[in-house]
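Hi everyone, thanks for making time for this. I'd like to walk you through one small piece of structural analysis, so please have a look at the screen.

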Amino acid sequence: MLAEVQATLSVAFPDALADGRLKIATRQCLRLCTRDPVVRLEPSGDAFSDPDVDELIREISAALR
């Protein structure tokens, strides 16, 4: 999932990645007690368990506005 998200974000938000408004970081545990991959958006703290990549794109797009 990480590779898919990275590839999708690099196409959808190249400027935000280049200027540092969007960063991708990995963590061993987000303390959300799940076996699914978890993505957390900062600074909102919104967390998505096993998210759909299209859903992430919509959320990130809204956050960058």
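**Leu22, Leu41 and the core**

Let me start with Leu22: if we skip its neighbours within four places in sequence, Leu22 is in contact with Leu9, Phe13, Ala16, Leu17 and Ile60. Please keep in mind that this is a predicted model.

Where does Leu22 sit? Its place is the loop between α2 (14-18) and β1. Is Leu22 buried or exposed? Its relative accessibility is 12%, and the limit for buried is under 20%, so Leu22 counts as buried. For a sense of distance, Leu22 and Ser61 are separated by 39 residues in sequence, and their C-alpha atoms are 10 Å apart in space.

Now let's step back to the whole chain. The protein has 3 helices and 2 strands, and reading along the sequence gives the pattern α-α-β-β-α. For those of you who like a quick sanity check on dimensions: with 65 residues, a compact globule would have a radius of gyration near 11 Å, and the protein has 12 Å, which agrees. Along the principal axes, the C-alpha atoms fill a box of roughly 35 × 20 × 20 Å.

Of the contacts with a separation of 6 or more, 34% are between residues 24 or more positions apart. Buried residues make up 18% of the 65 residues. As for the surface, about 5000 Å² is exposed, with carbon and sulfur atoms supplying 48% of that area. On the charge side, there are 8 positive and 11 negative side chains, and the centres of the two sets lie 8 Å apart.

Back to the inside. In soluble globular proteins, nonpolar side chains tend to be buried together. Which residues make up the largest nonpolar core here? There are 11 in all: Val5, Leu9, Phe13, Ala16, Leu22, Leu41, Phe48, Val53, Leu56, Ile57 and Ile60. Both α1 (2-12) and α3 (53-64) supply at least two residues of this core, and the largest share, 4 residues, comes from α3.

You'll have spotted Leu22 in that list, and Leu41 is there too. Leu41 also has its place in a loop, the one between β1 (38-40) and β2 (47-49). With a relative accessible area of 14%, Leu41 is buried. What does Leu41 touch, not counting residues up to four places away in sequence? The partners are Asp46, Phe48, Glu59 and Ile60. Ile60 also turned up among the contacts of Leu22. By way of a longer distance, Leu41 and Glu4 are 37 residues apart in sequence and 17 Å apart in space, C-alpha to C-alpha.

Before I finish, two bits of backbone geometry. Most residues other than glycine have a negative phi, and most peptide bonds are trans. Where might you look for exceptions in this model? A cis peptide bond joins Glu42 and Pro43, with omega at about 10°. Pro43 is found in the loop between β1 and β2, where Leu41 also has its place.

The other one is Asp50, whose phi is near 50°, a positive value in a residue other than glycine. Asp50 lies in the loop between β2 and α3, and with a relative accessible area of 45% it is partly exposed.

That's my tour, and I'm happy to take questions.

Technical notes
Residues are numbered from 1 along each chain as its sequence is written. This is a predicted model: local features need pLDDT of at least 70, side-chain atom pairs count only at pLDDT 80 or more; totals for chains, interfaces and linings use all residues. Side-chain values use heavy atoms; hydrogens and water are left out. Buried means under 20% relative accessible area, exposed over 50%, partly exposed in between (1.4 Å probe, protein chains only). The radius of gyration is taken over C-alpha atoms; the globule rule is 2.2 Å times the number of residues to the power 0.38. Contact means heavy atoms within 4.5 Å. Accessible areas come from the Shrake-Rupley method with a 1.4 Å probe; for residues, only the protein chains shown count as cover. Lys and Arg count as positive and Asp and Glu as negative; His and the chain ends are not counted. The place of a charge is taken as NZ of Lys, CZ of Arg, CG of Asp or CD of Glu. A nonpolar core is a set of buried Ala, Val, Leu, Ile, Met, Phe, Trp, Tyr and Cys residues joined through side-chain atoms within 4.5 Å.
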